[in-house]
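Open the model in your viewer and keep the sequence panel at hand. The stops below each begin with a selection to make.

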Amino acid sequence: MITTPQQPVPAWRPGEPAEANADTVVHRQLSTGLRHSTGDPLILHLTGFGGDRWEAGVSRVEDGVALIEVVAADGVTVRAEWRVPCVGATAYWTPDTNASRWLPPSWIAPRTVSLALGAPVASLVGADDRALCTAAAGETAAPLRVGAGVVEESGEFAFTVEQEFTPDGPPMRLRIDLGGRHFAATLRAVTAWWSEGVDHPGLAPAARMPAYSTWYSLHQNVDAGTVERQAALAAALGCESVIVDDGWQTADRTRGYGHCGDWEPNPAAFPDLGGHVAEVRRLGLSYLLWYALPFIGRHNDAWDRFKGMVLREEPHLEAAVLDPRHPEVRAHLIDKVSRAVEEWGMDGVKLDFIDRFAVADPPPAPDGADRATVHESVLRLLAELDERLRRTRPDVIVEHRQPYVSPGLWPYATMVRATDCPLSPAENRQRIVDCRLTAGPLAVHADMIMWHSAETPESVAVHLVNALFGVPQISVDLAAQTPGQLATVRFWLDVFRRHADVLQLGELEPSRPELGYPLVAASDGRTTVVARYAPLPVALPDRAGTEGPRTLLVANADRDPVVLLVATRRERALARVQDCRGEILSETVLDLVPGVNPVTVPTGGLLTLTRGH
């Protein structure tokens, strides 16, 4: 370890805390043993604010990958910074789909990630989708400040991670990967690292099967009869669960969250909630019920009880965010949510808005709190809720949602959904892929899929194909669909179901993150599924020996029907082309030649290529 500071070229970062604000500022450098693509060594620059009783070390994980650990004996804030030459960089990937994939400047404010908001991982991507640098932190609960961006002064790309240490708290652990593999492979390695020592209870089969959601189709206009009618139609199309969203707990239909907190069913809409659930389950569907977990609304009896136990008020929502540091708050929420499973016989719950617990600069722990920090309290809340739910239903289904995607939440969820992006198939695709890349053991669900009633079957198929690598949640009035629309939904849900293993558990390889993943593939070694969202050629997977993929499926979500298959050698394959409804348009033997082989696949259609025919 070099203790004489040799700081890099300064980057302009407005708003950075001045070193003079800390009593003690210590600079240290650490040689990581890694080398950039230029051959230069990667040096880690460490700055400690408020103390000098901290040390850093490095260990080699594999070629091009190092693990850095910083330990502190007392309270101190440590910032780690390293830089890579910005040579051939094309995209900056983070789990935050709202962020542009373009390269940010270094003076952009760092993002704060914590248990309830985001995940501490990022990747600088270069040509051929290879990672120039993928980095992750091991702390997945306490807030971290994570920054990155182009340093204008030097043409480098800087990464920073800042962690506050507490006595007896966890160390700073950083995993830095300069191995140059496909960025998705480096993110899989991060996920495996995070998974070490994590005990996940497993997933109910329905969590990976298509679902029906009431949100976009009905919004708050839900009642037992309507839900049962939609559930029957959804089951006939291939759905295996129904998710009843906002509206079950109130007669109000004006949106907002002023009627959250008591969590009692609206007696006019659900006079016998338990009986209603039993009827839906008789149809063969699992049943999940929505809860806006952090909110206490002004129009609830619970408002007077808990209005002094909140992190902040949100007047525009007619609600406030509860402070989980109070044991009474946690007990109230656990009792209310558990009723869904214990009293009404449901299979699971949809826990919404957990990210609202991630309040910037929360007030000091109040009188009556039994936890010092919000993230510790949220972790305790979810752990106790999970334990309670599993007493009644060991395979309970629990939905979380972007942006609360931290691996620290994995043990308490079975699926994570792309955040709301109504009628935006491209955004849905990008969010699904982003979630998939670091979801670990969780099933990844699409945002609810909706379309205008006048939409063509081909366009309906485009919506569905954009969700191909997640679990689709359908959210339209199924009774109002045309025969063509229903045939399209039935066909594509059958594709999802028949190929669920490769689509959801296969090795995912998305292309060109800076362009929104215009081509995405998944493979399990025998079957490869490629979805085409732009007029791009599709390379046939290598079939070295007899173990290579024998079946290739190409789903065409682009308006160009000419799919160019790129082969490396001569071979014969059986090609079946289906339209968006699943009707077989052609079934022929193709004599593939090295180079480009055009095949016509209509928009919303599917090509199935059986090789070695």
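## Second largest pocket

Start at β25, which gives five residues to the lining of the second largest pocket, the largest share from any element. The model is a predicted one. The pocket itself has a volume of about 410 Å³. Select Glu509, Ser511, Leu519, Ala521 and Val530: of the 19 lining residues, these are the closest to the centre of the second largest pocket. Then colour β24 (507-511), β25 (519-523), β26 (527-532) and β27 (538-539), the elements that give two or more residues to this lining. By class, the lining of the second largest pocket has 12 nonpolar, three polar and four charged residues.

## The seven-stranded sheet

Keep β24, β25 and β26 selected and add β28, β33, β30 and β31. In the order β24-β25-β26-β28-β33-β30-β31, these seven strands form an open sheet with mixed pairing. β24 and β31 (584-592) are the edge strands, each pairing on one side only. From one strand to the next, the twist averages 15°.

Now select β30 (residues 571-578), and look at its two partners in turn. With β33 (residues 606-611), strand β30 pairs in the antiparallel sense over six bridges. Two pairs can be picked out here: valine 577 stands opposite leucine 607 in β33, and glutamine 578 has leucine 606 of β33 as its bridge partner. With β31, strand β30 also runs antiparallel, and eight bridges join the two. One pair to show is alanine 573, which stands opposite leucine 590 in β31.

Follow the chain from β30 into β31. The two strands form a hairpin with five residues between them. In that turn, select glycine 582, whose phi is positive at about 95°.

## Largest pocket

Next, select Ala142, Pro143, Leu144, Glu164 and His375. Of the 30 residues that line the largest pocket, these five are the closest to its centre. The space in the largest pocket is about 990 Å³. To see where the lining comes from, colour β10 (144-151), β11 (156-165) and α7 (374-392); each supplies at least two residues. The lining of the largest pocket divides into 17 nonpolar, six polar and seven charged residues.

## An enclosed space

Leave β10 and β11 coloured, and add β8 (121-126), β9 (131-137) and β12 (172-177). Each of these five elements supplies at least two residues of the lining of the second largest cavity. Which residues lie nearest the centre of this cavity? Among its 16 lining residues, they are Trp82, Ala135, Ala136, Val146 and Val161. The second largest cavity holds about 110 Å³ of space, and its lining has 13 nonpolar residues, two polar and one charged. In the whole model, the count comes to seven cavities of 30 Å³ or more.

## Cysteines

Select cysteine 133 and cysteine 86. The sulfur of cysteine 86 is the closest cysteine sulfur to that of cysteine 133, but at 11 Å the two are too far apart for a bond. A search of the whole structure finds zero disulfides. Is cysteine 133 buried or exposed? Cysteine 133 counts as buried because its relative accessibility is 0%. Go on to cysteine 260, which also counts as buried, with 1% relative accessibility.

## Backbone details

The last stops are single residues in loops. Select aspartate 168, in the loop between β11 and β12. Aspartate 168 is not a glycine, yet has a positive phi of about 70°. It counts as exposed because its relative accessibility is 83%, and the cut-off for exposed is over 50%.

Move to histidine 219, in the loop between α2 (215-218) and α3 (224-237). Histidine 219 is another residue other than glycine with a positive phi, here near 50°. At 25% relative accessibility, histidine 219 counts as partly exposed.

Finish at proline 403, in the loop between β20 (397-401) and β21 (415-417). Show the peptide bond that joins glutamine 402 to proline 403: the bond is cis, and its omega is near 5°.

Conventions
Residues are numbered from 1 along each chain as its sequence is written. This is a predicted model: local features need pLDDT of at least 70, side-chain atom pairs count only at pLDDT 80 or more; totals for chains, interfaces and linings use all residues. Side-chain values use heavy atoms; hydrogens and water are left out. A disulfide is a pair of cysteine sulfur atoms within 2.5 Å. Buried means under 20% relative accessible area, exposed over 50%, partly exposed in between (1.4 Å probe, protein chains only). On a 1 Å grid over the protein atoms alone, a cavity is a set of points where a 1.4 Å probe fits but cannot get out, and a pocket is an open set with protein on both sides within 12 Å along at least five of seven lines; lining residues have an atom within 4 Å of a point. Grid points are joined across faces, edges and corners, and a volume is the space filled by probe spheres set on the points. Helices (H or I, at least four residues) and strands (E, at least two) are DSSP runs, numbered from the N terminus. Ala, Val, Leu, Ile, Met, Phe, Trp, Tyr, Cys and Pro count as nonpolar, Asp, Glu, Lys and Arg as charged, and the others, Gly among them, as polar. Two strands pair if DSSP finds at least two bridges between them. Axes are lines fitted to C-alpha atoms, for helices over the stretch in contact, and angles run from 0 to 180 degrees between N-to-C directions.
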